[in-house]
Amino acid sequence: MRSIWAVATNTIKQAVRMKIAAVFIVLLLVLLPVMGVSMTGDGTLKGRLQTFVSYGLSLTNLLLCLLTIIVSIYTLTNDIQQRQIYTVITKPVRRYQLLLGKLLGVVLLSTALLVLFSVIIYVITIYTPKIYDADEADIIQVKNEFYTARAALVPPEVDVTKEVEDAYSKLQQSGQLPPNVQRSRIIAELTKRKQLEKRAAVVGQPLVWEFNNVRVLDPNGSMFVRFKYDVSVNPPDLQVYSRWDVGDSRQYPAAFATFLRKDPIRTFREMEVPANLIADDGYLAIRFLNVPLNDTTVIFPPDGLEVLYKAGTFTTNFIRAVLLILFRLIFLASLSLLAASFLSFPVAVLFSLCIFITATFSGFCLESFDFLGSNLSWFYSYTVRPIILLLPQFDKFSPTKFLVPARLLSWSLLAEAAGLMVCVKALLLLFFALLIFRYREIAKIII
Amino acid sequence: MEYAVETFSLTKIFSDWWGREKVYAVDDLNLQVRYNEVFGLLGPNGSGKTTTLKLLLGLLYPTKGKVAVLGGDGADPKISARIGFLPEESYLYRYLNARETLDFYGRLFGLPPKVRKMRIEALLDMVGLKAVANRPVGTFSKGMARRIGLAQALINDPELLILDEPTTGLDPIGTRQIKDLILELAKRGKTILLSSHLLADVEDVCDRISILYGGKIQAEGRVRDLLLQSNKLQITTDAISDNAVERIKQLIKDEHADCQVFCPMDKLETFFIKTVADAQQQAQPTSGAVSRMGISDFLAAEPAKANILDKLVSAPVSRPTPSQALTTEKVLPIETAESEPDDELLRKLSKPDKPARLKPVARDRKVKTQPVETKPKPEQQVRKSILDQLTDRSTPQNDDDEQTDKSQKQK
């Protein structure tokens, strides 16, 4: 243990004194405050805060990921290439101790920097309203919609299997099925169409969502209906008029509140609703009416409606979001050490960067395979897809995805990320790194 | 455990990328290094010396055969805790300073902080780098880096010292100091395995040598046995009259033997050290202490009587008799000099519990016992510039001069 610690502290000294870390530190120290001033978002206080947190955390995340990759690879390959490892490995140090020491050093360094920059971002975020002397309405808005951690009620996908079957058999009977197309594709297409129908409201028509077992911490507080409109035809001012009724539809109109609104299309909007509209048994209905003022069908995208309610504080949510970044860094450190255990510096960096980028866009990559032709997709689903699934999904556990919409990042999700990224994937990588490093010849000369 | 280092049909083949065997770096090598001897691995460049050492230390894995170091595997922490290794070049972390470097290695051995601190100071003093201990080793010259490398190899007070070309990059004074240190460590019961192609160095310090070529042992044995011309005799006298010389010549002629009469030459090494010492005495006080910084000063002034006796009784190997001039100059004063502080200093190195205070005293004392430099002791505060001077001299050219001269003399 003492030798692991000796190697770890030496690794930190190396990263600091060789000024690898300095580049990143200076960059962030300069950029973060500048961003705090220059990021204005959509001009509102909330927009300003959202852009700052989003860009600040993303930048910190990106730079620290790069730093972790480069330092872990540098510290090992440099020792091997410059042969300082000759004098280290011939001391009573097991090779796994050397590798674990390097890992510990890199993780400690990254953690320290992560804490430093997170605190900077946090402080700037907290003090922004004071600096800009925001007015009362803005402060209330950001308090409810930004400085909070909200859980979301998402309406379940409507089951359309039966309707699809009916439609299919109808088509079959009338002989309208397109020739040379597989049944599964037609079914998929019909399903998509039916589900779209369920989320669309033509002019004058309502859409209703019902939730059961809704439990809010503070019944006298507020909930937020978060929604986004798509339209079939763009309205002239890109705005949609609407009437929303929220409450217990079984006692209509006694326990109902009505809101008349006008909202821009294709952006997420939030509507504050008192939480006491939820019935005592936890029932809540939301009804949207496409008022005749509009001249277009309004469609809610698949994630186009949620009900948000306060379930935690901004601070704890922020800490958990930062922990997500930490898990990433631990994974990347293990990955980089694995690469460095058998590759030279440039190759190992390239390798690790490829994996980092793929992991960052893993959701996009996986989705893109769904659009491939059937032959190709068969090939990919048995080759590339499993590999991508093996990688951690950085975008699924993206901290800004939670902080910007003030969405609760639950402990269980954090635990899932920790389990997958650190306990399974990082450990596995580390195991292979140890294995390779244990058996390789340190002083190998290739002739 | 008869041998400190033993190899059994050790073979190392370097293959190319396709696995085709390319080079027999070490070929069926059977090496035996006894405890408490100084063993030299000789050979031209590329003869497999360094590869052999790397195989011993587990930096490379043998293709065939096996090695036993101190009765075990050299990569086993229990064994490697008793080994000191100086690689062919001092590969150091450039961003650490000298003290941190030694501290790092001390921590790898799990030495407790007190012991570590004491040993570091003792070693820094011994290799003469105390004044620059806070400078990053990246800024060190080759000679200084070599000294730190040596200190690093000694921090665990090893039983077995493996030195890969210990004197490369050092100036003649540094070389002399390293050689004296090796002899001194051998007296203290250490086993030393060194590789070199500088024949003079090996001749001066080694009990036994192996000459490698193409990864195979070409010759092996005691230096004395290999070099002794038992059919010849050399008589060295003070200057005597021509008349006496004629009479001796006549005597020899009566024995039906040939004889040559000439004045013996100093070794260039001796001359060089003397010259530098003289120059230092005449120079301004800041540079007056250069040669006194040395390892030899520190270790050689130790009262070695008991050790030598022990050695004569216990060790089967006789201490080699290197060049005559050197022995008379260096060893004689060692035995006559009685300075306790040094003894304690050394014990402190191996037994951590003793206080570290004694060093400065030892330094002053030693100075007086050193015959080569008979000048007054230097001021303590001038050490830094001394070192700069010392290290400035460690250019390869000096080294080469010495080398060529020596090899000529051998002929």
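In this predicted model, chain B has a mean pLDDT of 72, and 68% of its residues reach 70 or more. Two stretches of chain B fall well outside that range of confidence. For residues 286-341 of chain B the pLDDT stays under 50, although the model places 120 contacts beyond four places in sequence there. Over residues 352-411 of chain B the pLDDT is likewise below 50, and this stretch has 105 contacts in the model beyond near neighbours in sequence. For the complex, the predictor gives an ipTM of 0.75 and a pTM of 0.74.

The two chains touch each other, with 28 residues of chain B in contact with 26 residues of chain A. On the side of chain B that touches chain A, the elements that give two or more residues are β2 (21-29), α1 (49-57), α2 (77-80), β6 (83-86) and α3 (98-108) of chain B. Of these, α3(B) gives the most, with 4 residues. When the residues on this side of chain B are sorted by class, 21 are nonpolar, 3 are polar and 4 are charged.

Within chain A, helix α5 (residues 95-131) packs with helix α9 (residues 314-340) at an angle of about 150°, and their axes are 10 Å apart. Because angles over 145 degrees count as roughly antiparallel, this angle makes α5(A) roughly antiparallel to α9(A). The crossing in which α5(A) passes α9(A) is right-handed. From α5(A), the contact is made by A:Leu99, A:Lys102, A:Leu103, A:Val106, A:Val107, A:Ser110, A:Thr111, A:Leu114, A:Ser118 and A:Tyr122, while α9(A) contributes A:Phe318, A:Val322, A:Ile325, A:Leu326, A:Leu329, A:Ile330, A:Ala333, A:Ser334 and A:Leu337. By class, the contact of α5(A) with α9(A) comprises 14 nonpolar, 4 polar and 1 charged residues.

A single residue elsewhere in chain A, A:Asp166, was also examined, and its place is in helix α7 (residues 161-173) of chain A. A:Asp166 has 13 other C-beta atoms within 10 Å and is therefore partly exposed, since a residue counts as exposed at 12 or fewer such atoms and as buried at 20 or more, with partly exposed in between. In sequence, A:Asp166 and A:Gly221 are 55 residues apart, and in space they are 45 Å apart, C-alpha to C-alpha.

Note on methods: Residues numbered from 1 in each chain as written. Chains lettered and ligands numbered in written order. Predicted model: local features only at pLDDT ≥ 70, side-chain atom pairs only at ≥ 80, totals over all residues. Axes fitted to C-alpha atoms, helices over the stretch in contact; angles between N-to-C directions. Parallel < 35°, antiparallel > 145°, perpendicular 65-115°, else oblique. Left-handed = near helix turned anticlockwise from the far one by under 90°. Contact = placed C-beta atoms within 7 Å. Nonpolar A, V, L, I, M, F, W, Y, C, P; charged D, E, K, R; others polar. pLDDT = per-residue confidence, 0-100.
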